[in-house]
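Colleague: Can you put the model up? I have a few short questions about surface and fold.
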Amino acid sequence: MLELNRVLQGDAYTVLKSLPSNCINSCVTSPPYYNLRDYGIKGQIGKERTPKEYIQNLVKVFSEVKRTLRDDGTLWIVIGDSYAGSHQGRNKDGTRNETVHNYKQGTNMGTVIGNIAPTTGVESCKPKDLIGIPWMLAFALRDAGFYLRQEIIWYKVNPMPESVRDRCTKAHETVFLLSKSRRYYFDAEAIAEPIANSSYMRLRQDIDRQTGSMRVPGKTNGNMKASAPKYCIQSESGEPNMLRNKRSVWTIATQPFGGEHFATFPPELARQCILASCPVGGTVLDPFLGSGTTAFVAFNHGRNYLGIELNPQSVKLANKRIREETEQVSLWNQGILHK
């Protein structure tokens, strides 16, 4: 029987091979980005010689993820792009970035897990070309049997500053929603968003009695019908709070993390994916767990988790963070702590 709510240390592909089939409701993950950081661990993904090799290794892992998913299961991937560069990283010797902000102490002291990888030349790409990693991966996974259901844009209101002067500062990353089958579990109501008040007023209009507008006097309204939004919740004031189907651009701020792991994505991003794709009591998988975000968000919302992480140092960090975050929510629920 599959033991849940734990972090397994090891290579994602190898560990996944040991898991039973059809046991996971949803996979929510962000794999190591191509040529961004060198963790110094044998078998790490992201340090392949070419993007083609990188994509092949990810498809190998996610094909095993597909096997572990239930027939109604889904895969959410947060993936960033890379540039074909000049063979130099931000630190020319590839050493750690020693000026990462320490949010706990309010200083620029401290380091992060992994060395900044020097950028490399890429076959078929000129220096400074954007490689197109996200869509390379999406098309490869579609060819591997996944249904490519949607591209979602994660818009960062507080992106990392960039010193570039010949292009815009990047303020988004790509999230892909893929499914194992044509029909799959998706709880749209769980992530529905409030509609604007102007839209609510428009939807309440009695269209049948209107014969025109100030802009076009006397114009008939034909077959147009107003309809209420599908979702409605009651606000604190007792007034209805109308909701609409969530849009494909998600505005979510990055969230500082005082630990040593560099590539953390915000809990809110994981929460949206988990609520939409996994019922209460189901199981969420993250084969590239990193600092443990997917795990503690799933657990705190009544789902089970299963994490896989190659780096032993990250496993320790993830277990510590999961323990702290889940204990804090437990204290909130008991009324011992107040948000």
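Modeller: A term to start with: buried means under 20% relative accessible area, exposed means over 50%, and partly exposed is in between. Bear in mind that this is a predicted model.

Colleague: Fine. Is Val-249 buried, exposed or partly exposed?

Modeller: Val-249 has 47% relative accessibility, so it counts as partly exposed.

Colleague: And where in the fold is Val-249?

Modeller: Val-249 belongs to strand β11, which covers residues 249-251.

Colleague: Which residues form a nonpolar surface patch with Val-249?

Modeller: Tyr-155 and Val-157 join Val-249 in that patch. Together the three have about 260 Å² of accessible area.

Colleague: How much area does the chain expose overall?

Modeller: About 18900 Å², with carbon and sulfur atoms supplying 50% of it.

Colleague: And what share of the residues is buried?

Modeller: Of the 339 residues in the chain, 40% are buried.

Colleague: Switching to cysteines. How many disulfides?

Modeller: Zero, taking a pair of cysteine sulfur atoms within 2.5 Å as the criterion.

Colleague: Cys-168, buried or exposed?

Modeller: Cys-168 counts as exposed because its relative accessibility is 66%. Cys-273 is buried, with a relative accessible area of 1%.

Colleague: Last topic, the fold. How many helices and strands?

Modeller: Seven helices and 13 strands.

Colleague: What share of the contacts is long-range in sequence, say between residues at least 24 apart?

Modeller: Counting contacts between residues at least 6 apart in sequence, 71% join residues at least 24 apart.

Notes
Residues numbered from 1 in each chain as written. Predicted model: local features only at pLDDT ≥ 70, side-chain atom pairs only at ≥ 80, totals over all residues. Heavy atoms only, no water. Patch = residues over 30% accessible without salt bridge, like charges linked within 9 Å, V, L, I, M, F, W, Y side chains within 5 Å. Areas by Shrake-Rupley, 256 points an atom, 1.4 Å probe, with all protein chains shown as cover. Salt bridge = Lys/Arg side-chain N within 4 Å of Asp/Glu carboxyl O. Helix = DSSP H or I, 4+ residues; strand = E, 2+ residues; numbered from the N terminus. Buried < 20%, exposed > 50% of the residue type's maximum accessible area, 1.4 Å probe, protein only. Contact = heavy atoms within 4.5 Å.
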